[in-house]
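Reader: Hello! I would like a close look at one part of this model, please, with the cut-offs spelled out as you go.

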There are 2 protein chains.
Amino acid sequence: MKSSTLLNESQKRALASIFPGDAAVFTPEETFVYGTDASRRFAPPAAAVRPDSCEQVKELLAFAQAERIPILPRGRATNTVGDCVPVAGGIVVSTARLNRILEIDPDDFVAVVEPGVVTGDLQAAIAAQKLFYAPDPASVKFSTVGGNAATCAGGMRAVKYGVTRDHILGIEAVLPGGQVLTTGGRTHKNVVGLDLTRLFVGSEGTLGLFTKLTLKLLPLPQATATLAVAYPSIDAALAAAGDVFRAGILPVALEMLGQEAMKAVAAISAVPWPADAGAALFVRVDGSPEAVAADVALLERATADAGPVWTERAVTPEAEENLWELRRLLNPASFKAAPDKISDDVTVPRGALREAAAGIKAIGEEERVRILLFGHVGDGNLHVNIMHDAADADERARAQSARERILMLCLALRGTLSGEHGVGLSKLPFLDRQLDEGQREILRRVKAVFDPAGIMNPQKAY
Amino acid sequence: MKSSTLLNESQKRALASIFPGDAAVFTPEETFVYGTDASRRFAPPAAAVRPDSCEQVKELLAFAQAERIPILPRGRATNTVGDCVPVAGGIVVSTARLNRILEIDPDDFVAVVEPGVVTGDLQAAIAAQKLFYAPDPASVKFSTVGGNAATCAGGMRAVKYGVTRDHILGIEAVLPGGQVLTTGGRTHKNVVGLDLTRLFVGSEGTLGLFTKLTLKLLPLPQATATLAVAYPSIDAALAAAGDVFRAGILPVALEMLGQEAMKAVAAISAVPWPADAGAALFVRVDGSPEAVAADVALLERATADAGPVWTERAVTPEAEENLWELRRLLNPASFKAAPDKISDDVTVPRGALREAAAGIKAIGEEERVRILLFGHVGDGNLHVNIMHDAADADERARAQSARERILMLCLALRGTLSGEHGVGLSKLPFLDRQLDEGQREILRRVKAVFDPAGIMNPQKAY
């Protein structure tokens, strides 16, 4: 354990007085679970606390700033790039008890929530009032609104509705030292002051600790429908994806599953597509029932040119759910496909998808690793799961080599290292291939405005 | 003329060597037009330059930083809050020659442009490729993409498509000293680094000078239609606006015209609505032809409960254009309605619109000033034109008093001073009613990261 991860007795007493009872834990046994996240990395925290008020967060950040102790914000730790891992030690701050839905206002089309609210729970509460909160990361049933905001989470509906940043109107955050900063507001439009709201969204916990978020709501779409179409190859599926946009349709979701991904799902579930299908598209549309019916017909025409080998149209909620459940099985399926995976979320310009997919396939073959390729192709966002056995040193090295080559390929295609997961720890070694030193220096200086001593989630993101 | 507006001979020579020929002007006669904008304020610049390359902008900003000379970015100066007025003197930088459309890519759904491109020209070029750039400020035929980005311009289509910030993927900007900073990229999703792109959008020229913008394009909607409905009162019209959202419709545009605004238009044009109508809604929808037909039928039902006195449905481009031309006449009409106007763009939570409208009417009556009220009510964004004769001291004082009371009313309703125009000079005196000193200090420190000497559009915005 590095010295920075330790708290002295006086620091422990101070922390325990801010967080009485079970709201603070210190022993390695108790803090162990706070040392990791969905990246499967681990580092031991010095303590973990569970505030249940903004007041406690203020006291905590005044204390941590004075003592120069790292602060690690933590929602449900579904982060895949290590943002919740306390690599510099310090205090993990769980938002588990900051989990109140403070308001859902059907006239203002606004919700106000604490950061620890699980996004799926919020969506259900909102839908009950015929309202709609659009962001839907794959982790929606487990991840929190605060965590989604910290990473600017994407998800399937981003094609039509945008990502988390497009649905956050205002933020209350506590800065190191204890200053409470509110940004934005309650209105759907607001151009007063620099846009600090979006600066905080996607900041990966490096600027401050969210205590409240004001969200933009939309009317709940009256109907949705999904068309699933399989093709002989990824190239044909991606050509069809291009045809969808060329037909003038802006779908809610436009997902692609490559052959290996389809096989992984088929290994754990009955599937409706032909066993030799090379790729599939799942396309969802929403709107009035008439609009949805018309769009599905148009989708069927638009996806026909590329030569589908299987088509299924789902126009009832049950039929849609059956299709999307197959898409959702991809994550559990991937865990069964090999002992270990490297999971990336590279994103390329939409027109470069076919070249990216072909390149990734070639790299997988050359490095002799199995790659599950799927993703939000409507946004150019590819999920690349490099399956391997990390216990095999040679295989591990080939997987790492494949990863680096894929990241560099996507940058060469004018893409980005991350479309929705963030940089965290996992992509930090490659960051200088995307951002130059001048850009990174600016990022560090912007951070220093909010966090001059560098205690917020140190050694991450940029 | 303040001393800061003057350049010495050596500075003039340096500037002329960066900007040979007619690319720089220095005399009061030549620079006069660069001293004002749509706010009708004026201050004399020391010089005006028209770069036609990023290289020239770099040299300029290295020179200006070294000499501590203010830099005033200027598109077409349609800004209504004084952002283009050189109150601290300095060099006005016109983007008139940085006006190339560098790329429209129908596969990537991306356009790359220089900041001086007129937004309407770009939209036409994009539509010719069946693509769509959604932001459409009222000034679209005159204003530039760079100016729209600097103010995060809104416009009518924001209800469904969001504002300018939601459609800018990346920016190239030159900072004081000459550093070229690129933010974001070419992909529709990107979470690498803090979101500097949105920090620059809406920064009102206070951080750097844009030299290139990468824009997100969408498929061109296949069809649109508009329903115009008049009501006996603003209150009834706003109740109907609420009913539109409750019916589950997310319109492209949802505009309201109050009675005085309708009368002002009727004074310069034939109008189709009854002379005694108290307010009107203009509602536009888009999508497939079937979706549009269904949505218009749904709109007619949703807007019926509030008791319309007139309804017109426009389903052809010509019929739609005739309706929207009436809405567009509001601006010229307002100039004929009185010698002077104070024009604000307050925004309130959507559910507070009826209270805001009633309060604004009462203030107008108490202060005995005619107020044209209209706006993007789908976003809670009200345009308040306080008509008066500024040559009449008493009337001017009453107009100013009405203005301040309206701004404070909207803040009391949890609104914002500006939904789309920005703060500029015009709202700066009221800014401390919305942002506290702690917030403003943070804004100034963020600015200092990019502009440590404070040469970019000084004395504006925050």
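Reader: How many residues lie between β5(A) and β6(A), and which residue in the turn has a positive phi?

Author: Happy to help! This is a predicted model, in which local features need pLDDT of at least 70 and side-chain atom pairs count only at pLDDT 80 or more, while totals for chains, interfaces and linings use all residues. Residues are numbered from 1 along each chain as its sequence is written, chains are lettered from A and ligands numbered from 1 in the order in which they are written, and side-chain values use heavy atoms, with hydrogens and water left out.

Now to your hairpin. Four residues lie between β5(A) and β6(A), and Phe109(A) in the turn has a positive phi of about 55°. Strand β5 covers residues 101-105 of chain A and β6 covers residues 110-113, and the two pair in the antiparallel sense over four bridges. Strands here are DSSP runs of E with at least two residues, helices are runs of H or I with at least four, and both are numbered from the N terminus; two strands pair if DSSP finds at least two bridges between them. Within this pairing, Ile104(A) stands opposite Ala111(A) of β6(A).

For the surroundings, UniProt lists residues 41-220 of chain A as "domain: FAD-binding PCMH-type" in an unreviewed entry; its positions are given in the numbering used here, feature names are shortened, and annotations may be inferred rather than shown by experiment. Over residues 41-220 of chain A, the chain is 22% helix and 24% strand, with the end C-alpha atoms 39 Å apart.

Aromatic rings may interest you too. There are 14 aromatic pairs over all chains, where rings of Phe, Tyr and Trp (its six-membered ring) pair if their centres lie within 6.5 Å, and planes under 30 degrees apart count as stacked, over 60 as edge-to-face and the rest as tilted. One of them joins Phe200(A) and Phe450(A) edge-to-face, at 5.3 Å centre to centre and 85° between the planes. This pair links distant parts of the chain, 250 residues apart: Phe200(A) sits in helix α7 (residues 196-200) of chain A, and Phe450(A) in helix α15 (residues 437-450) of chain A. Both Phe200(A) and Phe450(A) are buried, meaning under 20% relative accessible area, with exposed over 50% and partly exposed in between (1.4 Å probe, protein chains only). Ring pairs also bring in Phe210(A), linking Phe200(A), Phe210(A) and Phe450(A) into a cluster.
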